[in-house]
Amino acid sequence: MGQKLKIAGWISIGALAGVLTTVSLQTVARGAMTPLPLEEIQQLSAVFGLIKTDYVEPVDDKKLITDAISGMVASLDPHSQYFDKKSFKEFREGTSGRFVGVGIEITQEDGLIKIVSPIEGSPAFRAGLKTNDLITKIDDTAVKGLSLSDAVKRMRGEPSTKVTLTIFRKDESRTFPVTITREEIKTQSVKGKVVEPGYGWIRLSQFQERTVDDFVRKVEEIYKSEPQLKGLVLDLRNDPGGLLDAAVAISAAFLPEDVTVVSTNGQLAESKSTFKASPEFYLRRGQGDPLKRLPVALKRVPLVVLVNEGSASASEIVAGALQDHGRATIMGSQTFGKGSVQTVRPLGPDTGIKLTTARYYTPSGKSIQAKGIVPDVMLDETAEGDLFASLRMREADLEKHLSSGQGEEEKDPAREKAREEARKRLEEEVKKPLAERKLPEFGTDKDFQLTQALNQLKGKTVLASKTLTERKEEPQEN
């Protein structure tokens, strides 16, 4: 029996080695790297064989190889990812702005899933889910230990199917189940309005396929209501990014034609690129240029861009381009620092990998990665101060984050102290009535940062932060 198992194991090893050899030859053919080291391939093959022969129960070959690929890619940095059939489909849905699910924006907190915001009009919104609610279970699965992507997978599904979320609401100190029927969610990435005579506000919550068209329509609406616009606030707070061509197009809406918006640099020749404020850098094949419909005055209107720790990737590209060209005053807090390029490489008809292939650089050559965009004017979230910003995660906090590539800064010893003070403030804050502690909705008359942005446009006194300072990149531990 033992001999049969050993033979089966070595057959598996031979099969795996054949696959890996093929991969190695293909890699060499691309000219990207040298052949894979033989000793490490033998170790991987040996582990594969031992699992096949010695593990307590049979394990599917496909699962072993898929998990090995997934682990290999995930070990690189927080943004590289292997896509199986289901996750590949979900990734495509995410960039199109349409998906089937419950309609919530989520993040992780203490191993649980925290609701950042229910999407207006979605099943979750109608079910009464609120910002800061914690999801402890999805159907019968506890979320403790689940990755964010796994949680998303479990909440998405087919239209008209049901999912039960167990919710813990801190301010009411209670846990309760909510059963929600999934449906197609159409996210609206652009909002805007005339906030007061002469001044407009446009908020981008994500850079999707429809963002540029929606942005142009919103600008047209604002100029129709206010033809003599005196100033505009472009709100990129909590915008996690999205499509590069959309970021280039939004930048081009405000910048002179043909100036540099962003550049990239990586190992491959195709990763060394410069993107300019011209149609060929943002138009998709067969599309007309929606920016031609924009009022000419938009190129000259005084502009403030609002950013915070939640502004990442594409939103940092826009903020960096407008800042470097002196086109806008950037206000708020230092951005997330997600300055790396991910390229999707198909591995078959319905699988692939999202691989970090380059770093982004602003027009002046500054790396965004793990540093972010530092505002021209630092603003607190409220008139009472920036109570909880130090608790928020940034790229530099993520395990295995890619460095900026422009030298490391010394670790700031005051950061942990600030976090501890913020934790204590948070404990006190949750004891207050809900109406007193909820941060004001973006775009309302109680939005402190928007008020300061309008003051900047009007030439009035701005209540800049007295405590916020630039956060330096922290060195990685290898």
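How many of the 10 residues of strand E18 are buried? Hold on to that one for a moment, everyone, and thanks for coming.

First, what we have on the screen is a predicted model. The protein chain runs to 478 residues, and buried residues make up 44% of them. It has 12 helices and 19 strands. If you take the contacts between residues at least 6 apart in sequence, 70% of them join residues at least 24 apart. Keep that in mind when we get to the individual residues.

Back to the opening question. In E18, residues 352-361, the count is 9 of the 10, so this strand is largely enclosed by the rest of the structure. Let's go through its partners. Strand E1, residues 81-83, pairs with E18 in the antiparallel sense, over 3 bridges. There, Phe 83 has Gly 352 of E18 as its bridge partner. Strand E13, residues 260-265, is also antiparallel to E18, and 3 bridges join them. Then comes strand E17, residues 340-346, which pairs with E18 in the antiparallel sense over 7 bridges. E17 leads into E18 through a hairpin, with 5 residues making the connection.

Have a look at Arg 359 in E18. Asn 265 stands opposite this arginine, and Ser 340 stands opposite Arg 359 as well. If you are clicking along, that is a nice spot to pause on.

There is another hairpin, made by strands E7 and E8, with 4 residues between them. E7 covers residues 162-169 and E8 covers 174-181; they run antiparallel, joined by 8 bridges. One of the pairings puts Thr 166 with Pro 177 in E8. For those of you who like backbone torsions, Ser 173 sits in the turn with a positive phi of about 50 degrees.

Now to the open sheet. It has 6 strands in the order E10-E11-E12-E15-E16-E19, and the pairing is mixed. At the edges are E10, 190-196, and E19, 377-378, each pairing on one side only. E10 and E11, the latter at residues 199-204, are antiparallel with 6 bridges, and Val 190 has Leu 204 in E11 as its bridge partner.

What lies across E10, E11 and E12? That is helix H7, residues 211-225, which runs at about 15 degrees to E10. Helix H12, residues 448-458, packs on the sheet too, touching E10, E11, E12, E15 and E16. The direction of H12 makes about 160 degrees with that of E15.

Let's zoom in on E15, where we find Val 305. Is Val 305 buried or exposed? Its relative accessible area is 0%, so Val 305 is buried. Leaving aside neighbours within four places in sequence, Val 305 is in contact with eight residues you can highlight: Leu 234, Leu 236, Ala 319, Leu 322, Ala 328, Thr 329, Ile 330 and Met 331. Ala 453 is 148 residues away along the chain, yet its C-alpha atom and that of Val 305 are separated by 8.1 Å.

Following the chain on from E15, we meet a loop before helix H9, and Ser 313 lies in that loop. Ser 313 has 7% relative accessibility; the cut-off for buried is under 20%, so this serine counts as buried. Apart from neighbours within four places in sequence, Ser 313 is in contact with Pro 240, Gly 241 and Lys 338.

That brings us to the last stop, a helix pair. Two packed helices are described by the angle between their axes and the distance between the axes. For H8, residues 244-254, and H9, residues 314-324, the angle is about 25 degrees and the axes are 9 Å apart. H8 and H9 are therefore roughly parallel to each other, and their crossing is right-handed. Who meets whom? From H8 we have Leu 244, Ala 247, Ile 250, Ser 251 and Phe 254, and they meet Ala 314, Ile 317, Val 318, Ala 321 and Leu 322 in H9. The residues of this contact divide into 9 nonpolar, 1 polar and no charged.

So, to send you off with the strand we started from: E18 has 9 of its 10 residues buried, and its antiparallel partners include E17, with 7 bridges. Thanks, and I'm happy to rotate the model for anyone who wants another look.

Definitions and conventions: Residues numbered from 1 in each chain as written. Predicted model: local features only at pLDDT ≥ 70, side-chain atom pairs only at ≥ 80, totals over all residues. Heavy atoms only, no water. Axes fitted to C-alpha atoms, helices over the stretch in contact; angles between N-to-C directions. Helix = DSSP H or I, 4+ residues; strand = E, 2+ residues; numbered from the N terminus. Parallel < 35°, antiparallel > 145°, perpendicular 65-115°, else oblique. Left-handed = near helix turned anticlockwise from the far one by under 90°. Contact = heavy atoms within 4.5 Å. Nonpolar A, V, L, I, M, F, W, Y, C, P; charged D, E, K, R; others polar. Pairing = 2+ DSSP bridges. Buried < 20%, exposed > 50% of the residue type's maximum accessible area, 1.4 Å probe, protein only.
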